[in-house]
Amino acid sequence: MQKHAVKVHPSKALLKREDQLAWKIAGVATDKTAVQKDVSEMIINRIIDNASVAIAAINRRPVVSARGMALGHAKKGGATVFGMPAGTTVSPEWAAWANGTAVRELDMHDTFLAADYSHPGDNIPPILAVAQTMERSGRDLLRGLATGYEIHIDLVRAICLHEHRVDHIAHLCPAQAAGIGTLLGLKQEVVFQAIQQALHTSITFRQSRKGEISSWKAYAPAHAGKLAIEAVDRCMRGEGAPSPIYEGEDSVIAWVLSGRTQADSKGRKTVYDPTYYEVPLPGAGEPKRAILDSYTKEHSAEYQSQALIDLAFRMREQIKDFDAIEKIIIHTSHHTHYVIGTGAADPQKMDPKASRETLDHSIMYIFAVALQDGRWHHVDSYAPKRAGRADTVRLWHKIETTEAPEWTERYHSRDPETLAFGGRVEILFKDGTKLVDELGVANAHPRGASPFVRADYINKFRTLTDGIITAREANRFIDAAENLTSLKAGELGALNVALPKGTLLESKPGIF
């Protein structure tokens, strides 16, 4: 890996393309290095994973609405839509919209956490939609997805968006554009322009994950995918983009990210002084392996809750009377405390009538339910009746989080052996005794007690789709996914998953 220093430059400096981050990213996208076997196998795992969570969410309102919008843009020879028959195809950007929303709705697919947060599996819907429309092969798709994952994860390693209240799709959209560029074998100039357009159009803010969290949390990455496809299409036709998008005088870094912080504290004239970021990217001929550093979810909840859910399962075995609990303190990382913990100061996170999306971002609620139930279910654990149970509300309101420097340090560690996303929990009882335990990574994490392998991904698919699709359709899809490298040009429609006729809900009417 090579690290690329990123600064802000005045327009008069005429920064060369070769020195711009977007050009270097485009260089990675156009490097024809082969996808290694273990990377290919993990990509297949994540295709299965995405389909699992998409079908489990297929008749939830945001997914129904997105599907309805997509079906208003039918295109012969286009891309498939989850739930619909393979013969029903739409324009690829709308397939990315519908399928991306379905994948994101339950917040149960893969994750990568570093300087920022990400769900790199969000790269799959738009790249797959373009691959289907442009009749590419399974091997073409693998190359495109390897790039999408690589660029997305590398940006997340280096550039923090959340401290500037920018939503994390600002890393996703350029990665999706780069992945599509690899898929289609585009020239570096075209990919360069598409990456810049993708970033320019995808700057949104983190209010989508604060307060009363709405369905936009599921729509946001799908919106990025739609924007990425449109950006690539325009640039394939010869259009350009705002440039340099990362380093320019009025760029994203200069006015929204760390350049803005620098200018606010030390004056706008100093914005050209610091090196703000060092972005790692594969060198020429170096394989794209970043997907292997990401991890999926066993439980349908924010990733920082995964280890704490497993810890709750373990601790509950030593608790005889939940009413005897006086207080629960979760010592954890800065992110967990301030985003999904009491440090967020969001009253909605303690509200039994809060939306599913809000409860998903309340570690107090999640830990209380996991502690009481000893299980986590993507539907039952969020049901209004479950959230409103009196004994749960009492326990839930006894839980608080606090930032522990050692857990923040582990959260940001570059050493995979110390990297951790969990915490230490103290359960204080009314009689003065206490129970203390800790867990660094979830059981399903690569360093966890039971890391996910292919059989676990398939089991997750069968569990989440049980009763929704037929056994025959499940077997057909799994066979197609596992034999991705054998799928020829025009055969990627096999990666769709169809529901039995008459079981898909229809959305309310809209404009499309």
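**Close-up views: charged pairs and one helix**

**View 1. Lys327 and Glu400 join two strands.** Lys327 is partly exposed, because its relative accessible area of 29% falls between the limits of 20% for buried and 50% for exposed. Keep in mind as you look around that this is a predicted model. Glu400 has a relative accessible area of 31%, so this residue counts as partly exposed too. The side chains of Lys327 and Glu400 meet in a salt bridge, at 3.5 Å from N to O. Lys327 belongs to strand β7 (residues 325-332) and Glu400 to strand β8 (residues 399-403), so the pair ties together parts that are 73 residues apart in sequence.

**View 2. Lys434 pairs with Glu426.** Here is a handy idea to start with: side chains of opposite charge can pair when their charged atoms come close. In this salt bridge, the closest N and O atoms of Lys434 and Glu426 are 3.2 Å apart. Is each partner buried or exposed? Lys434 is exposed, because its relative accessible area is 51% and the cut-off for exposed is over 50%. Glu426, at 12%, is buried, since buried means under 20%.

**View 3. Asp107 and Arg104 within a network.** The side chains of Asp107 and Arg104 form a salt bridge, with 3.2 Å from N to O. Both of these residues are buried. Which residues are linked with them in a network of salt bridges? Look for Lys217, Lys297 and Asp360, which are linked with Arg104 and Asp107. For the model as a whole, the count comes to 28 salt bridges.

**View 4. Helix α20 from end to end.** Helix α20 covers residues 471-482, which makes twelve residues. How far apart should its ends be, at 1.5 Å a residue? The expected span is 16 Å, because 1.5 Å is multiplied by one less than the number of residues. The end C-alpha atoms of α20 are 16 Å apart, which agrees.

**View 5. The two sides of α20.** Buried in this helix are Glu473, Ala474, Phe477, Ile478, Ala480 and Ala481. They cover an arc of only 160 degrees around the axis, so they sit on the same side of α20. A general rule helps here: an α-helix has 3.6 residues a turn, so residues three or four places apart point the same way. The buried residues of α20 pack against α2 (37-56) and α19 (454-465). Ala471 and Arg472, on the other side of α20, are exposed.

How values were computed. Residues numbered from 1 in each chain as written. Predicted model: local features only at pLDDT ≥ 70, side-chain atom pairs only at ≥ 80, totals over all residues. Heavy atoms only, no water. Salt bridge = Lys/Arg side-chain N within 4 Å of Asp/Glu carboxyl O. Buried < 20%, exposed > 50% of the residue type's maximum accessible area, 1.4 Å probe, protein only. Helix = DSSP H or I, 4+ residues; strand = E, 2+ residues; numbered from the N terminus. Arc of directions from axis to C-beta. Contact = heavy atoms within 4.5 Å.
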